[in-house]
Amino acid sequence: MKFYYDLHIHSTLSPCADNEMTPNNIVNMAVLKGLDVISITDHNSAKNVEVIYELSKSKGIKLIPGIEVQTKEEVHILCYFFDIFDCISFGKIIYDSLECIKNNKSIFGEQLIMDEDDNIIAEEEKLLLTSCGFSIDDIFKMIDGKGAAVPAHVDRTSYSIISNLGFIPNISNLKTVEVSSYFSIVGNTSEYQKKHKTISSSDAHRLGDINERIHYIECNDFESIVEWLCS
């Protein structure tokens, strides 16, 4: 089966995302664009994942629980989970490891936690746009058996594993990398594509940036997608 996806979407919890990135707006846009599978990957927190998970189910969209971690090396790693409760627990560990720097929303933007009706139920005060207390190696070890870790936007010149390290390390459960939506997967012969599977997601911070029905993962069923990413 082909599952058309966007596995890198930010909600209102990410300070760099527009306030239009509410739970209902994200799910409804995914429906309009004909996507089968999405993932909410906010910076260093999973506090909006559960509500969007439930809304997705009600609209026939599959959601892979996720989070975008910024490691000690200032590398962004997308973490996807088989189980939503593992995602929430992992998100708390990452969040608790962040330095207690108060968010300046006039500079970075608001960090809004919402309910199923898009009401603001809390505002995260700790700045999420910082590095957590864990290295790249730590993250891959922590997620092993619980999901998949995928280096984000490896084609970019900032916050990517290649731009910051200069290479992709040989980690046993590092099987897939993400490239930006404008990067052509088909016919490309980049070095990381020769050694790794590649996905292309939007890193959407605005509704219009969410992927069209273009990129797909071919698996037997939805439950196999995370397994595909880490195998």
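**Lys47, partly exposed at 39% relative accessible area, meets Glu124 side chain to side chain in a salt bridge.** The model here is a predicted one, so local features need pLDDT of at least 70, side-chain atom pairs count only at pLDDT 80 or more, and totals for chains, interfaces and linings use all residues. Residues are numbered from 1 along each chain as its sequence is written, and side-chain values use heavy atoms, with hydrogens and water left out. Burial works like this: under 20% relative accessible area is buried, over 50% is exposed, and partly exposed is in between (1.4 Å probe, protein chains only). Glu124 is the buried partner, at 7%. The N to O distance is 2.7 Å; a salt bridge needs a side-chain nitrogen of Lys or Arg within 4 Å of a carboxyl oxygen of Asp or Glu. Lys47 sits in the loop between S2 and helix H2 (49–58), and Glu124 in the loop between strand S7 (120–123) and H4, 77 residues apart. Helices (H or I, at least four residues) and strands (E, at least two) are DSSP runs, numbered from the N terminus.

**Glu212 and Lys33 pair up through their side chains.** This salt bridge spans 3.1 Å, N to O. The two residues come from distant parts of the chain, 179 residues apart: Glu212 is in the loop between strand S10 (197–201) and strand S11 (216–218), while Lys33 is in the loop between helix H1 (23–32) and strand S2 (37–40). Glu212 is partly exposed at 43%, whereas Lys33 is buried at 12%.

**Lys92 and Asp96 make a salt bridge within helix H3.** Here the N to O distance is 2.9 Å. The partners are four residues apart in the helix, so about one helical turn separates them. Lys92 is exposed at 53%, and Asp96 is partly exposed at 45%. The whole structure holds eight salt bridges.

**Ile26 sits among the best-connected members of the largest nonpolar core.** Such a core is a set of buried Ala, Val, Leu, Ile, Met, Phe, Trp, Tyr and Cys residues joined through side-chain atoms within 4.5 Å. This one has 49 residues, and Met21, Ile38, Val69, Cys79, Phe90 and Ile210 join Ile26 in touching the most other members. Helix H3 (residues 84–97) chips in five residues, the most of any contributor. Leaving out residues up to four places away in sequence, Ile26 touches, among others, Ile9, His10, Ile52 and Leu207 (contact means heavy atoms within 4.5 Å). A separate second core of 18 residues includes Tyr5, Leu7, Cys219 and Ile225.

**S4, S5 and S8 line up, in that order, as an open antiparallel sheet.** Strands count as paired if DSSP finds at least two bridges between them. S4 (66–70) and S8 (147–151) are the edge strands with a single partner each, so one side of each lacks a neighbour in the sheet. The average twist is 25° from one strand to the next. Five bridges join S4 to S5 (residues 76–81), and Glu68 has Leu78 as its bridge partner in S5. Helix H4 (residues 136–143) lies across the three strands, running at about 5° to S5. Axes are lines fitted to C-alpha atoms, for helices over the stretch in contact, and angles run from 0 to 180 degrees between N-to-C directions.

**Cys79 and Cys100 have no sulfur close enough to bond with.** A disulfide takes two cysteine sulfur atoms within 2.5 Å, and the count is zero. The sulfur of buried Cys79 (0%) lies 8.7 Å from its closest cysteine sulfur, in Cys87. For exposed Cys100 (75%), the closest is in Cys132, 14 Å away.
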